[in-house]
Amino acid sequence: MAHKQRSVMAEINMVPFIDITLILLIIFMVMSPMLVQMQMNVDLPKSNAVNTTAEDDVIRIEVQKNGKIRIENRQYTLANLEKELVLRMGKANKKTIMVEADKNVPIQTVVDVFDIAKKLGAAKLGIGVLSKN
């Protein structure tokens with residue numbers, strides 16, 4: 001009688017590993033939109049740092065909690081802010097725009113100010129916190 005020789009199978013079965021990986025991928029895909037929608041409250045810190053940039057090259061824009069935008073104690077709206085920045089920046093677009101906002105200001109207002117400054121070609125953009133005077 002012919003005797004069949006049996007060999008030991010030494011391969012690792014990858015199917016369970018692939019199944020678990022795909023399940024984890026689906027879980028992360030479902031959870032990621034929920035994580036993005038969650039809002040995070042940020043309490044902005046106070047800083048006592050010294051400004052190292054020359055004051056002539058910095059345009060400070062204050063965004064107050066009531067939505068008012070001020071540059072050097074003069075009040076502007078988003079519509080006329082662009083005109084004012086064009087005059088202040090001039091042809092030398094090497095100016096730095098520093099936006100100092102109250103912590104209760106909606107972030108969209110600050111982003112709108114950044115968009116205007118970037119459109120006009122500001123060299124640098126910075127963000128700060130309004131000090132309580």
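How many salt bridges does the structure hold? There are four, and we'll get to the pairs after a look at the overall layout. Keep in mind that this is a predicted model.

**The overall layout**

The protein chain has three helices and five strands, which run along the sequence in the pattern α-β-β-β-α-β-α-β. Of its 133 residues, 21% are buried. The accessible surface adds up to about 11300 Å², and carbon and sulfur atoms account for 59% of that. As for contacts between residues at least 6 apart in sequence, 67% of them join residues at least 24 apart.

**Helix α1 and its nonpolar face**

Helix α1 covers residues 15-37, which makes 23 residues. From first C-alpha to last, helix α1 reaches 34 Å, close to the 33 Å expected at 1.5 Å a residue. There is a bend along the way, though: a kink of about 30° sits at methionine 31, shortly before proline 33.

Methionine 31 turns up again in a nonpolar surface patch of about 1100 Å². Other members of that patch include Ile20, Ile23, Leu24, Ile27, Phe28, Met34, Leu35 and Met38. Methionine 34 is part of helix α1, and its relative accessibility of 44% makes it partly exposed, since the exposed class starts over 50%. A bit of helix geometry is handy when looking at such a list: an α-helix has 3.6 residues a turn, so residues three or four places apart point the same way.

**Salt bridges**

Back to the charged pairs. Three of them are set out here, with the closest N to O distance for each.

| Basic residue | Acidic residue | N to O distance |
|---|---|---|
| Arginine 60 | Glutamate 100 | 3.1 Å |
| Arginine 88 | Glutamate 72 | 3.4 Å |
| Lysine 119 | Glutamate 82 | 3.1 Å |

Take arginine 60 and glutamate 100, which form a salt bridge. The pair links distant parts of the chain, with arginine 60 in strand β1 (residues 58-63) and glutamate 100 in strand β4 (residues 96-101), 40 residues apart. Arginine 60 is partly exposed at 28% relative accessibility. Glutamate 100 comes in at 17%, so it counts as buried, the cut-off being under 20%.

Next come arginine 88 and glutamate 72, which also form a salt bridge. This pair is 16 residues apart and again links distant parts of the chain: arginine 88 belongs to helix α2 (residues 78-89), and glutamate 72 to the loop between β2 (69-71) and β3 (74-76). Arginine 88 is partly exposed, with a relative accessible area of 24%, whereas glutamate 72 is exposed at 62%. These two don't act as an isolated pair, as a network of salt bridges links Glu72, Glu84 and Arg88.

Then there's the salt bridge between glutamate 82 and lysine 119. Glutamate 82 is in helix α2 and lysine 119 in helix α3, so this pair ties together parts that are 37 residues apart in sequence. Glutamate 82 is partly exposed at 27%, while lysine 119 is exposed at 59%.

**A buried valine in α3**

Where is valine 113? It lies in helix α3 (residues 107-119). Valine 113 is buried, with a relative accessible area of 0%. Leaving aside residues up to four places away in sequence, valine 113 touches Ile61, Val63, Ile69, Leu78, Leu81 and Val99. Glutamate 82 shows up here too: its C-alpha is 8.7 Å from that of valine 113, with their positions 31 residues apart in sequence.

Key. Residues numbered from 1 in each chain as written. Predicted model: local features only at pLDDT ≥ 70, side-chain atom pairs only at ≥ 80, totals over all residues. Heavy atoms only, no water. Helix = DSSP H or I, 4+ residues; strand = E, 2+ residues; numbered from the N terminus. Expected span 1.5 Å × (residues − 1). Bend = angle between axes of the 7 residues up to and from the residue. Buried < 20%, exposed > 50% of the residue type's maximum accessible area, 1.4 Å probe, protein only. Contact = heavy atoms within 4.5 Å. Patch = residues over 30% accessible without salt bridge, like charges linked within 9 Å, V, L, I, M, F, W, Y side chains within 5 Å. Areas by Shrake-Rupley, 256 points an atom, 1.4 Å probe, with all protein chains shown as cover. Salt bridge = Lys/Arg side-chain N within 4 Å of Asp/Glu carboxyl O.
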